Each structure stands twice: as C-alpha cells, then as structure tokens.
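Q: Could we go through this model together, beginning with the strands and then moving on to the cysteines and the aromatic rings?

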Amino acid sequence: HEAAVGQTHYTTLSEAISAADGQKIQLLKDITVTAPIAITSDTVIDGANGDGVFQITPSTTGGNHRQGLFHLNSEDDAQTALTLKNIKLVNKSWSNACGISVRASNQTVNLENVTIDTAHYCVFVGVPGNENEDVNDVVINIHNSRLTGYAAIYYRTNSATNMIMRPVLTVTDSELTGRGYNGNGNGFSTIVYNGTRNAR
C-alpha cells in the first residue's frame, strides 16, 4: 500500500486522494507517479514517518513538462487547495513533469517542509503555448521548504493583455533556486511573473 486515510490503506496514492474527501492522507512508502495526479478537491498529504521524508518521483517513460506531478486544473475554477507536508518531489528528467502545476483560477498550494528538485519548474502557474485561459487569484504559501528547478516559481501567460491577476505568494524560512537545465551556469530565474516561453 502507498497511502492511508485514517486506518484505511490504499494501493495507490491516487486512490487515497479520491477517497479522502478532505481528510489527511498519510504516505506509507516512496512513490513513483506514472501520470500527473489531478487534484479536484481539497487535499492534504503528509509524508512524515518518524524522521523520514517520503519521496515522490515520476516514471521514466515520458510525460508532459506543462503538467506537474500534482496538477490543479479545475475547469469551473472552483476553489481547491493542495497541501503537501514532509515530502520530497524529485524529477530530473527534462521531458517529464514539473513539481506542481496550476492551470485554473482560485487555487491554493501550501508547502510545508517540502523539497522540490526538478529539471523543469518547481511550481508552474499558468498556461502552455497557444492557450490563453485565465489563471487568476492563485495563492501559494511556502514554509520551511527548498525548491530548486529551471525556475522555482513560474507564472506564465501567453497574452500581453490577459495577464495573471492578483497572485499571492508567501515564502518564509525557505530557499528558492533557479538553475538552468545544463546547470547553474545556464541559470534561469528564481521567480518569473507573467513570463513567456522566452522569458529570462
């Protein structure tokens, strides 16, 4: 079993998320994610297990770098919150997903004692190329965490007139690092706001 909700154990993390209904999900082991996990309702995942921190990695069979290991994409922009505690998200494959992606308005991401180490974006807010939907009023809270990626926090828009509006980003006691895909010498940015594909 990969996760538990109360005393009930689930074979996969996705099953636990579907069944949790807002209750806290406890990780039971390191997890390989074979496809992005869509977050459609409030979700709290805690990886603490004594002194250990569970690790979540993507499969090595490919993926979409515009989606995260956790993906918030509420078509009706209903408010949804993803809270991760005591978890390590690791993804060193350039072609695979970023850490967390947000493709809808009114979403919240809370990170507490979380490490994200990725070749792409740690937290991606916005839209991929050729799309222009609104991604407004997104709240990101980061505490006691370490994010290292092509950009630590990346807000992307594809329209000069349809910018991402009213973002809230709160970072405390944390370290954010933007590194290039070929290493620190080809660095990107720590935080990009209303960037495009060619933003540096």
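Q: Which residues of strand 3 lie on its covered face, and which on the uncovered one?
A: In this predicted model, strand 3 spans residues 24-27, with Ile-25 and Leu-27 on the covered face. Lys-24 and Gln-26 make up the uncovered face.

Q: Why would the side chains split in that way?
A: In a regular strand, side chains alternate between the two faces of the sheet.

Q: In what sense do strand 1 and strand 3 pair, parallel or antiparallel?
A: Strand 1, residues 3-5, pairs with strand 3 in the antiparallel sense, and two bridges are found between them.

Q: Which residue of strand 3 does Ala-3 stand opposite?
A: Ala-3 stands opposite Leu-27, a residue of the covered face of strand 3.

Q: And how many bridges are there between strand 3 and strand 6?
A: There are three, and the two strands pair in the parallel sense; strand 6 covers residues 43-46. Among the partners, Lys-24 is bridged to Val-44 in strand 6. Lys-24 belongs to the uncovered face of strand 3.

Q: Moving along to strand 9, how many of its residues are buried?
A: Five of the five residues in strand 9, residues 68-72, are buried, which leaves the strand mostly covered.

Q: Which way do strand 5 and strand 9 run, parallel or antiparallel?
A: Strand 5, residues 37-38, runs parallel to strand 9, and two bridges join them. Within this pairing, Ile-37 has Phe-70 of strand 9 as its bridge partner.

Q: What about strand 9 and strand 11, how many bridges there?
A: Four bridges, again in the parallel sense; strand 11 takes in residues 98-102. Phe-70 appears here too, opposite Ile-100 in strand 11. Phe-70 is thus a bridge partner of Ile-37 and also stands opposite Ile-100.

Q: A change of topic: how many disulfides does the count come to?
A: The count comes to zero disulfides. Cys-98 is in none, and the nearest cysteine sulfur, that of Cys-122, is 8.6 Å away. Seen from Cys-122, which is likewise in no disulfide, the nearest cysteine sulfur is that of Cys-98, 8.6 Å away.

Q: Why does a separation of 8.6 Å not qualify?
A: A disulfide requires the two cysteine sulfur atoms to be within 2.5 Å, so the pair at 8.6 Å does not count.

Q: Is Cys-98 buried or exposed?
A: Cys-98 is buried, since its relative accessible area is 0%. Cys-122 also counts as buried, at 0% relative accessibility.

Q: Now the aromatics. How many aromatic pairs does the whole structure hold?
A: The search finds five aromatic pairs. One of them joins Tyr-121 and Tyr-154: the ring centres are 4.3 Å apart and the planes meet at 10°, so this pair is stacked.

Q: Where in the chain do Tyr-121 and Tyr-154 sit?
A: Tyr-121 is in strand 13, residues 121-126, and Tyr-154 is in strand 16, residues 151-156; the pair links distant parts of the chain, 33 residues apart. Tyr-121 counts as buried at 7% relative accessibility, and Tyr-154 counts as buried at 0%.

Q: What is the arrangement of the Phe-124 and Tyr-154 rings?
A: Their centres are 6.1 Å apart with the planes at 10°, so the pair is stacked. Phe-124 in strand 13 and Tyr-154 in strand 16 are 30 residues apart, and this pair too links distant parts of the chain. Both Phe-124 and Tyr-154 are buried.

Q: Which residues do the ring pairs link into a cluster?
A: The cluster consists of Tyr-121, Phe-124, Tyr-150 and Tyr-154.

How values were computed. Residues numbered from 1 in each chain as written. Predicted model: local features only at pLDDT ≥ 70, side-chain atom pairs only at ≥ 80, totals over all residues. Heavy atoms only, no water. Buried < 20%, exposed > 50% of the residue type's maximum accessible area, 1.4 Å probe, protein only. Pairing = 2+ DSSP bridges. Phe/Tyr/Trp six-rings, centres within 6.5 Å; stacked < 30°, edge-to-face > 60°.
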